[in-house]
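Here's a walk through the empty spaces, the packed interior and the aromatic rings of one protein. Have the viewer open as you read.

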Amino acid sequence: MKNKELSQMFKPWTARIAAGVVFGVLVIGLVVLYYSLQNRTSPTSSPQVMSDQLSFPFQTKEDSVLHIWLRATASEAAKVSIPSPSSSNPTRSIQTNETGEFEFHEVRLGAEQGLTALTWSTLTTNVSYAYVYEPSKVLDEGIRIIYITPAARNSHYGDSYHFRPPLGWMNDPNGFSKLNDNYHLFYQHYPHTLKWHAMHWGHAVSKDLVNWVHMPIFLRPDIIVTQKHKGNGGIFSGSAIPLPNNQGLRLFYTDDISDKEPKKEYQRSVITLDGIMPAGESEVILPNPPTPDQVANLTGDFRDPNAFMGPDGKWKMILGSYNGKGGVLLLYSTDDPTGATGWAFVNVIWEDDRLA
């Protein structure tokens, strides 16, 4: 048989083999891409499982701070142990008897540097979320996630221009602002499951509005929401303004206790000087909506402060309410250049009657 005839005979098989090789390479590439994307939002440490014990190693640095949420699973107290990187120092422990909502703990790990771990028993302890960060570097490097409970792990959609949190539920973006070289994005967040519950404020920063660094959770709901009620409420929407001379940010938000009778919503303010965590406790700036003499028929809805600089050089704030017929927009103003005090009702700037 001539070479030309042999070539014609094997030509279809050659094409099929080549197509199969290409298909195999594509499949392998997709598998590698999938697992690489999974690793982007997965905890940075691999668990070590010893019977009922879980242990997640992590590295501590000079000024490391640990944030962890845990609760007890039985009558015995929950306990998480943190061995010292140096054998000469004792093991730290975090404990709680709380069996309802996850309880927050902050541990400043000090100047010790080295490898340590979070260790707990699954028989007594349920951990939801744990991360570590260094205040001196977190604006550039972000948090290092140690553990995320399976109930709060997000699906992996890959990178995109759409921001998403490292875990849990998110909705309204809040307090979008800029401080020094960083854009700050705060957002409604519940870190413990993928469903809406007691609202926190998550936080991320970016220098280009495309690449975001995840920060420590910025605001957590009051204990009256997380432990004494059903989690209906928390840190609702708000906004941010710069402090004089760009020394920090002042943030405004609605504190909501939806399970209370009558329903209670009031406006709070807190500042951050470093752009990382609040500086001190938040303060109530508007405890009540306008009086009936000022605006008739308002319900308990009184929320979502949006602060901005008015044309007269004074800080203004728009708040939303409801009068039984539709939405109402309320305008407030203050002479205080810091926005901390003096907020007074000005007038109604919009009323809707489409729900009448």
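## The enclosed space

Which residues line the largest cavity? Going along the chain, the lining is made by Tyr129, Ile143, Pro166, Leu167, Tyr187, His189, Gly202, His203, His214, Met215, Pro216 and Ile217. Keep in mind that this is a predicted model, so everything here is computed from predicted atoms.

The cavity has a volume of about 60 Å³, and a search of the whole structure turns up one cavity of 30 Å³ or more. Two strands, β11 (182-190) and β12 (200-206), each put at least two residues into the lining. Sort the lining by class and you get eight nonpolar residues, four polar ones and no charged ones.

## The open pocket

Now for the space that opens to the outside. The largest pocket holds about 690 Å³. Its lining takes in 26 residues, and the ones closest to the centre are Leu219, Arg220, Pro221, Asp222 and Glu281. Four elements give two or more residues to that lining: β6 (103-108), α3 (223-226), β15 (249-257) and β16 (264-272). Of these, β6 has the largest share, with three residues.

What is the class make-up of the pocket lining? Twelve residues are nonpolar, six are polar and eight are charged. Set that beside the cavity, where the lining has no charged residues.

One of the pocket's central residues, Arg220, also turns up in a ring contact: its charged end sits over the ring of Phe104, 3.7 Å from the ring centre.

## Helix α3 and Ile224

Helix α3 is on the list of pocket-lining elements, and Ile224 has its place in this helix. Is Ile224 buried, exposed or partly exposed? Its relative accessibility is 25%, so Ile224 counts as partly exposed. Ten residues along the chain from Ile224 is Gly234, and the C-alpha atoms of the two are 9.1 Å apart.

## The nonpolar cores

The largest nonpolar core has 20 residues, and those with the most contacts inside it are Leu66, Ile68, Val80, Ile94, Leu118, Trp120 and Ile146. It draws two or more residues from each of β2 (53-60), β3 (65-72), β4 (78-82), β7 (114-121), β8 (125-133) and β9 (144-148). The largest share, four residues, belongs to β3. There's another core apart from this one, with 18 residues, including Val65, Tyr133, Ile148 and Ile276.

Leu118 is a handy residue to click on. It lies in strand β7, and because its relative accessibility is 0%, it counts as buried. The C-alpha atoms of Leu118 and Pro57 are 6.4 Å apart, although 61 residues separate the two along the chain.

## Rings and charges

The count of aromatic pairs comes to 18. Where do ring pairs build up into a cluster? Look at Trp69, Phe104, Tyr129, Tyr131 and Tyr133, which are linked in this way.

Several members of that cluster have come up already. Tyr129 is in the lining of the largest cavity, Tyr133 belongs to the 18-residue core, and Phe104 has the charged end of Arg220 over its ring. A second arginine makes a contact of this kind: Arg71 lies over the face of Phe102, at 4.0 Å from the ring centre.

Conventions:
Residues numbered from 1 in each chain as written. Predicted model: local features only at pLDDT ≥ 70, side-chain atom pairs only at ≥ 80, totals over all residues. Heavy atoms only, no water. 1 Å grid on protein atoms, 1.4 Å probe; cavity = no way out; pocket = protein on both sides within 12 Å on 5 of 7 lines; lining within 4 Å. Points joined across faces, edges and corners; volume = space filled by probe spheres on them. Nonpolar A, V, L, I, M, F, W, Y, C, P; charged D, E, K, R; others polar. Core = buried A, V, L, I, M, F, W, Y, C linked by side-chain atoms within 4.5 Å. Buried < 20%, exposed > 50% of the residue type's maximum accessible area, 1.4 Å probe, protein only. Phe/Tyr/Trp six-rings, centres within 6.5 Å; stacked < 30°, edge-to-face > 60°. Lys NZ or Arg CZ within 6 Å of the ring centre and 35° of its normal.
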